[in-house]
Amino acid sequence: MTGTGYFTSVDDVFVKLAETGYLASTAVATTVFLADRLGKPLLVEGPAGVGKTELAKSVATVAGARLIRLQCYEGVDEARALYEWNHAKQLLRITAGRDETWDQTRTDIFSEEFLLTRPLLTAIRGGDPKVLLIDETDKADVEVEGLLLEVLSDFQVTVPELGTITATRRPFTVLTSNATRELSEALRRRCLFLHLGFPDEELERRIVRTKVPGLGEALAASVVRVVAALRAMDLRKVPSVAETIDWARTLLALGADTLEDRLVRDTLGVILKHQEDVEKATGKLQLDTP
């Protein structure tokens with residue numbers, strides 16, 4: 001099986017992703033390298049906001065590849081994921097060729113000119129480098145997984161009127177999941193698996209300094225410590241890495257040098273999204289009351 005050839009080694013993954021601002025752990029770099037070398041889709045599972053989607057974007061940047069994204073949601077179907085026919089244009093063609101036989105017209109209207117490609121089909125057509133991101137796969141209906149199996153197994157799509165379209169150059173494929181429902185074993189079997197959880201404090205501090213370069217070392221360390229304390233609480237929604245970065249940018253915008261109690265209390269809404277969580281955090285962190 002031929003891979004995409006974007007990376008030469010695990011160390012190469014570290015270096016190239018870091019150049020895009022994505023700081024990978026050893027597990028992430030190793031799994032990305034194997035997905036690239038083996039030509040296997042990569043299923044990345046974990047809580048929201050830990051960098052699953054960003055990983056696919058960073059690989060696309062590294063490879064100089066076109067990012068093709070299928071955003072999954074309840075109700076996404078074949079017409080939105082694979083392809084559909086341009087029915088309005090077909091109708092105009094039928095009307096214009098009313099003197100032709102049906103066989104002549106049918107051959108014409110079911111041709112490439114009338115085909116509207118969607119993300120899955122777009123990703124396997126053409127020889128240019130691509131990264132296919134199937135985002136939040138767990139939010140799609142179970143039936144949609146059946147559409148993915150042919151693509152993920154052989155990187156091909158069957159269009160009954162045109163035949164089977166096979167990739168001449170496989171895309172680097174990333175599926176993300178927040179684990180809101182269990183994905184099928186058939187889908188998992190076709191992928192390499194990576195669980196992306198919250199980073200340790202040292203790595204998160206480095207991520208914050210990379211994404212918010214104007215933030216001081218001491219303040220970045222304080223931000224990460226407080227976020228780690230919040231994640232240890234029984235909250236309705238714990239802060240994600242993305243929210244840690246947002247909070248760091250907020251503090252920088254406010255000109256903060258240190259993380260004082262009042263400043264934490266006044267900006268908790270950046271990292272906590274439910275009032276009950278804010279109240280619980282205010283009590284457990286023993287912050288000053290207004």
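Glutamate 136 sits in the loop that runs between strand 5 (130-135) and helix 8 (142-154). In this predicted model, the phi angle of glutamate 136 is near 55 degrees, a positive value in a residue that is not glycine. Most residues other than glycine have a negative phi. The protein chain around this loop holds 14 helices and 9 strands, and 46% of its 290 residues count as buried.

**Backbone angles**

- A positive phi also appears at alanine 179, with a value of about 60 degrees, although this residue is not a glycine.
- Alanine 179 belongs to the loop between strand 8 and helix 9 (185-189).
- Alanine 179 counts as partly exposed because its relative accessibility is 46%, which falls between the limits of 20% for buried and 50% for exposed.

**The chain as a whole**

- Taken along the principal axes, the C-alpha atoms of the protein chain fill a box of roughly 80 × 40 × 35 Å.
- Contacts between residues at least 6 apart in sequence include a 73% share that joins residues at least 24 apart.
- The protein chain has an accessible surface of about 14,000 Å², and carbon and sulfur atoms account for 51% of that surface.
- The chain carries 36 positive and 44 negative charges, and the mean positions of the two sets are 2 Å apart.

**The largest pocket**

- The volume of the largest pocket is about 440 Å³.
- Its lining is made up of 24 residues, and those nearest the centre of the pocket are Tyr22, Val50, Gly51, Ile207 and Val241.
- Two or more lining residues come from each of helix 2 (26-38), strand 9 (192-195), helix 10 (201-211) and helix 12 (241-253).
- Helix 12 gives the largest share of the pocket lining, with 4 residues.

**The cavity**

- A search of the whole structure turns up 1 cavity of 30 Å³ or more.
- The largest cavity encloses about 40 Å³ of space.
- The elements that each supply two or more residues to the lining of this cavity are helix 2 and strand 8 (172-177).
- The residues lining the largest cavity are Thr4, Ala35, Asp36, Gly39, Lys40, Pro41, Phe155, Pro171, Phe172 and Thr173.
- Helix 2 is thus named for the lining of the largest pocket and also for the lining of the largest cavity.

**Helix 13 and its cover**

- Helix 13 covers residues 261-271, and its buried residues are Leu263, Val264, Arg265, Thr267, Leu268 and Ile271.
- An α-helix has 3.6 residues a turn, so residues three or four places apart point the same way.
- The cover over the buried residues of helix 13 includes helix 11 (217-231), helix 12 and helix 14 (275-284).
- Glycine 269 is also part of helix 13.
- Glycine 269 counts as exposed because its relative accessible area is 51%, and the exposed class begins over 50%.
- Glycine 269 and tryptophan 247 are separated by 22 residues in sequence, and their C-alpha atoms are 9.2 Å apart in space.

**Threonine 250 in helix 12**

- Threonine 250 is a residue of helix 12.
- With a relative accessibility of 22%, threonine 250 is classed as partly exposed.
- Apart from neighbours within four places in sequence, threonine 250 is in contact with Thr267 and Val270.
- Of these two partners, Thr267 is listed among the buried residues of helix 13.
- Threonine 250 and leucine 272 are 22 residues apart in sequence, with 14 Å between their C-alpha atoms.

**Valine 212 between helices 10 and 11**

- Valine 212 is located in the loop between helix 10 and helix 11.
- Valine 212 is buried because its relative accessible area is 3%, and buried means under 20%.
- Not counting residues up to four places away in sequence, valine 212 touches Ile245, Ala248, Arg249 and Leu252.
- Valine 212 and threonine 137 lie 75 residues apart along the chain, and their C-alpha atoms are separated by 30 Å.

Methods:
Residues numbered from 1 in each chain as written. Predicted model: local features only at pLDDT ≥ 70, side-chain atom pairs only at ≥ 80, totals over all residues. Heavy atoms only, no water. Buried < 20%, exposed > 50% of the residue type's maximum accessible area, 1.4 Å probe, protein only. Contact = heavy atoms within 4.5 Å. Areas by Shrake-Rupley, 256 points an atom, 1.4 Å probe, with all protein chains shown as cover. Lys, Arg positive; Asp, Glu negative; His and termini not counted. Charge placed at Lys NZ, Arg CZ, Asp CG, Glu CD. 1 Å grid on protein atoms, 1.4 Å probe; cavity = no way out; pocket = protein on both sides within 12 Å on 5 of 7 lines; lining within 4 Å. Points joined across faces, edges and corners; volume = space filled by probe spheres on them.
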